[in-house]
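Hi there,

Here is the structure I promised to pass on to you. Have a look at it first, and then read my notes below with the viewer open.

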Amino acid sequence: AWSRLEEVYDGPGWVATLAALVSRAGERVGAAAAERLVIGGARGRVVAGARVGVETILAVLAREGARPSEIVQVLERHEPALRVVAMAAARADGRRQLLQALTRWMRIDLPLSGDDLVRAGVPARPALGEALRRARAAVIDGEIPPAKALDHAVAIAVRAGKR
């Protein structure tokens, strides 16, 4: 109910429940359960990878000094069902961080795009994506206000181009 209310996860409850069950079991239990229950596609991958995914999320939460952007990065790499399972499995401090990440930090969008960087004179190249990721991380971590994101991203892209 919480995950739906906060718009964190709106998928089938049984996927999150099954992922929670297999995340506490042996390494191959998730894959075996998905195969035995004939769960394929994305849902099957969630169940099969539940243990590793939840452990990865919990490891970042347990790491002292983990930055908000690092927590967001690991959450964005995992399916929403696993985020809910991690919330249930985390300790109090981790739950507080997850709550902030899921309801606040992950919802921070940069007010700019790669096109904005190109218009600012940055040549189109792979450095654009890295500049955008690092500028978003700086905003999430509170290092810069969103209004300074373009200047920050341009500076990152220019430094990357000089290497």
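**What sits around α6**

The buried residues of α6 are covered by a set of elements that includes α5, α7 (80-89), α8 (92-103) and α10. The buried residues in question are Ser69, Ile71, Val72, Val74 and Leu75. Before you go further, keep in mind that this is a predicted model.

**The overall picture**

Let's step back for a moment. The protein has 11 helices and zero strands, so if you read along the sequence you simply get α-α-α-α-α-α-α-α-α-α-α. Put a box around the C-alpha atoms along the principal axes and you get roughly 55 × 30 × 30 Å. There are 163 residues, and 40% of them count as buried. Now take the contacts between residues at least 6 apart in sequence: 62% of these join residues at least 24 apart.

**Two helix pairs to look at**

When two helices pack together, people describe them by the angle between their axes and the distance between the axes. I picked out two pairs for you.

Start with α2 (residues 13-23) and α5 (residues 50-62). Their axes come within 8 Å and cross at roughly 80°. Angles of 65 to 115 degrees count as roughly perpendicular, and α2 and α5 are therefore roughly perpendicular to each other. Which residues meet here? On the α2 side, look for Ala19, Val22 and Ser23, and on the α5 side for Ala50, Arg51 and Val54. Sorted by type, the residues of this contact are four nonpolar, one polar and one charged.

The other pair is α3 and α4. Their axes are 7 Å apart, and the packing angle is about 145°. From α3 come Gly30, Ala31, Ala33 and Ala34, and they meet Gly44, Val47 and Ala48 of α4. In this contact you will find five nonpolar residues, two polar ones and no charged ones.

**Two neighbours in α5**

Now zoom in on α5, which holds both Val52 and Gly53. Is Val52 buried or exposed? With a relative accessible area of 55%, Val52 is exposed, because the cut-off for exposed is over 50%. Its C-alpha atom is 7.5 Å from that of Ser23, a residue 29 places away along the chain.

Gly53 has a relative accessible area of 3%, so it is buried; buried means under 20%. If you skip its neighbours within four places in sequence, Gly53 is in contact with His78 and Leu82. You can also check the C-alpha atoms of Gly53 and Val74: these residues are 21 apart along the chain, and the atoms are separated by 9.2 Å. Val74 is one of the buried residues of α6 that I listed at the start.

**The largest pocket**

What is the volume of the largest pocket? It comes to about 290 Å³. Of the 15 residues that line this pocket, Ser69, Gln73, Arg133, Arg134 and Ala137 are the closest to its centre. Two elements give two or more residues to the lining, namely α6 (68-76) and α10 (127-140). The most comes from α10, with six residues. By type, the lining divides into four nonpolar, three polar and eight charged residues. Ser69 turns up twice in these notes: it is among the buried residues of α6 and among those closest to the pocket centre.

**Two loop residues with positive phi**

Last, have a look at the backbone in two loops. Glu7 sits in the loop between α1 (2-5) and α2. Its phi is near 60°, a positive value in a residue other than glycine. With 67% relative accessibility, Glu7 counts as exposed.

Val38 is in the loop between α3 (29-36) and α4 (41-48), the two helices of the second pair above. The phi of Val38 is near 55°, again a positive value in a residue other than glycine. Val38 counts as exposed too, at 72% relative accessibility.

That's the tour. Have fun turning it around on your screen!

Cheers

Methods: Residues are numbered from 1 along each chain as its sequence is written. This is a predicted model: local features need pLDDT of at least 70, side-chain atom pairs count only at pLDDT 80 or more; totals for chains, interfaces and linings use all residues. Side-chain values use heavy atoms; hydrogens and water are left out. Axes are lines fitted to C-alpha atoms, for helices over the stretch in contact, and angles run from 0 to 180 degrees between N-to-C directions. Helices (H or I, at least four residues) and strands (E, at least two) are DSSP runs, numbered from the N terminus. Angles under 35 degrees count as roughly parallel, over 145 as roughly antiparallel, 65 to 115 as roughly perpendicular and the rest as oblique. Contact means heavy atoms within 4.5 Å. Ala, Val, Leu, Ile, Met, Phe, Trp, Tyr, Cys and Pro count as nonpolar, Asp, Glu, Lys and Arg as charged, and the others, Gly among them, as polar. On a 1 Å grid over the protein atoms alone, a cavity is a set of points where a 1.4 Å probe fits but cannot get out, and a pocket is an open set with protein on both sides within 12 Å along at least five of seven lines; lining residues have an atom within 4 Å of a point. Grid points are joined across faces, edges and corners, and a volume is the space filled by probe spheres set on the points. Buried means under 20% relative accessible area, exposed over 50%, partly exposed in between (1.4 Å probe, protein chains only).
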